[in-house]
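Good morning, and thank you for coming. I should like to take you through a structure that may be new to you.

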Amino acid sequence: MASAACGLTSGSPMVDDVSPGSIGQGRPLEGAELTVTSKEFTEQLILGAIMGIAFQAAGAEVLDRTGIQGSVGTREAVKSGDADANYEYTGTAWITYLGNSEPIADPRQQWEAVREADLKEGLTWLPPAELNNTYALAMNQSNARKYGTKTLSDVAELADSDPGAVTLCVEGEFRNRADGLPGMSRKYGMDIQAANITQMDTGIIYTQAAKGACVYGEVFTTDGRIRSMDLAVMEDDKKFFPNYNAAPEINTKTLKKWPAIANVLNPVTARLNNDVAQELNAKVDVDGEDPHQVALDWMVEEGFVKEN
């Protein structure tokens, strides 16, 4: 696919001086030349670096082609063999790539359905992380105390009993997508007045919710700003939003040639959850650190790899 190839014209070797810690013992990927890719946003850059560092510790030579624009380019790169592996999200694959309209509520079943469907596409999904980068509504602690809402059902009740209290800051995509505001409103019977909904860029939503300029802001559950701004996230108690669990997506031919990839990545993936993601993402988005360095520091701290 031409666009995927265009996205992959750049790339440089990863040169982390790492050796096996708890992963990569015996360097089972010695002799492998693997290309790692990712999308261009913070969490993806970190996950791509984590994957590449794991491969290096296991003995592989790794080409870094992280930061491709758009989801389709990364997927097509792995599918075509231009790249070997990336961390992808189960919900994105199920809905965006595989064309299903209804998400599967159980995270494990969602992953299994994606895994089965993608085997026909020449892609193999390894076990998923708890990390679930999905939509949520969040508010500052002052408003959390004032209104006492903890779930989206609570928000629907508040919208019913005190319509003026529920003001929303959302991005354009969320406002119009079936798996965004329209679907959420239907699922929860949440009647929010149009005058109480303000559309804005993603980054601004967090600061506006933190200031209380809108009572609820649309957020992504793994965003580092949730933690740094001490926002309270409403539980999706009716499980409306799709599961976007991160999992390694590997070119099947590559995995057949280097089956040790699974043993190298599985323990790392198992450690990734929303708390870890928020912490790592905040180091980049709030503290201004480099995504690759954040990934390396975490891999060393967790004992997965050692720096030489």
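I will begin with the chain as a whole, then turn to helix packing, and end with some individual residues.

Please bear in mind throughout that this is a predicted model. The protein chain contains 15 helices and 13 strands. Along its principal axes, the C-alpha trace spans about 65 × 40 × 30 Å. For 308 residues, a compact globule would have a radius of gyration near 19 Å, and the value for this chain, 20 Å, agrees with that. Of the 308 residues, 55% are buried. If we take contacts between residues at least 6 apart in sequence, 80% of them join residues at least 24 apart.

Let us now consider the first topic, helix packing. How do helix H2 and helix H13 cross? H2 covers residues 42-57 and H13 covers residues 260-271; their axes come within 10 Å and cross at roughly 130°. That angle makes H2 oblique to H13, because it falls outside the ranges for parallel, antiparallel and perpendicular pairs. The crossing of H2 past H13 is right-handed. On the H2 side the contact is made by Ile 50, Met 51, Ala 54 and Phe 55, and on the H13 side by Ile 261, Val 264, Leu 265 and Val 268. By class, this contact has eight nonpolar residues, with no polar and no charged ones.

H13 deserves a further word. Its buried residues are Ala 260, Ile 261, Ala 262, Val 264, Leu 265, Val 268 and Thr 269. Besides H2, these buried residues pack against strand E3 (33-39), strand E5 (85-89), strand E12 (246-251), helix H12 (252-257) and H15. As a general point, an α-helix has 3.6 residues a turn, so residues three or four places apart point the same way.

A second helix pair is found later in the chain, namely H14 (residues 274-285) and H15 (residues 291-301). Their axes are 9 Å apart and the packing angle is about 140°. H14 and H15 are therefore oblique to each other, and H14 passes H15 in a right-handed crossing. Val 276, Leu 280, Lys 283 and Val 284 of H14 meet Pro 291, Val 294 and Trp 298 of H15. Here the contact comprises six nonpolar residues, no polar residue and one charged residue.

I turn next to helix H3, residues 71-80, where Gly 73, Thr 74, Arg 75, Glu 76, Ala 77 and Val 78 are buried. Just after H3, Gly 81 takes a positive phi of about 95°.

Is Met 184 buried or exposed? This residue of helix H9 (residues 181-188) is buried, with a relative accessible area of 0%. Leaving aside residues up to four places away in sequence, Met 184 touches Leu 137, Leu 152, Phe 174, Met 190, Phe 240 and Phe 241.

Finally, two backbone details. Most residues other than glycine have a negative phi. Arg 27, in the loop between strand E2 (18-20) and E3, has a positive phi near 45°. At 31% relative accessibility, Arg 27 counts as partly exposed. Lys 239, in the loop between strand E11 (232-233) and E12, likewise has a positive phi, near 55°. Lys 239 is exposed, with a relative accessible area of 52%.

Thank you for your attention.

Conventions
Residues are numbered from 1 along each chain as its sequence is written. This is a predicted model: local features need pLDDT of at least 70, side-chain atom pairs count only at pLDDT 80 or more; totals for chains, interfaces and linings use all residues. Side-chain values use heavy atoms; hydrogens and water are left out. Axes are lines fitted to C-alpha atoms, for helices over the stretch in contact, and angles run from 0 to 180 degrees between N-to-C directions. Helices (H or I, at least four residues) and strands (E, at least two) are DSSP runs, numbered from the N terminus. Angles under 35 degrees count as roughly parallel, over 145 as roughly antiparallel, 65 to 115 as roughly perpendicular and the rest as oblique. A crossing is left-handed if the near helix is turned anticlockwise from the far one by less than a right angle, and right-handed if clockwise. Contact means heavy atoms within 4.5 Å. Ala, Val, Leu, Ile, Met, Phe, Trp, Tyr, Cys and Pro count as nonpolar, Asp, Glu, Lys and Arg as charged, and the others, Gly among them, as polar. Buried means under 20% relative accessible area, exposed over 50%, partly exposed in between (1.4 Å probe, protein chains only). The radius of gyration is taken over C-alpha atoms; the globule rule is 2.2 Å times the number of residues to the power 0.38.
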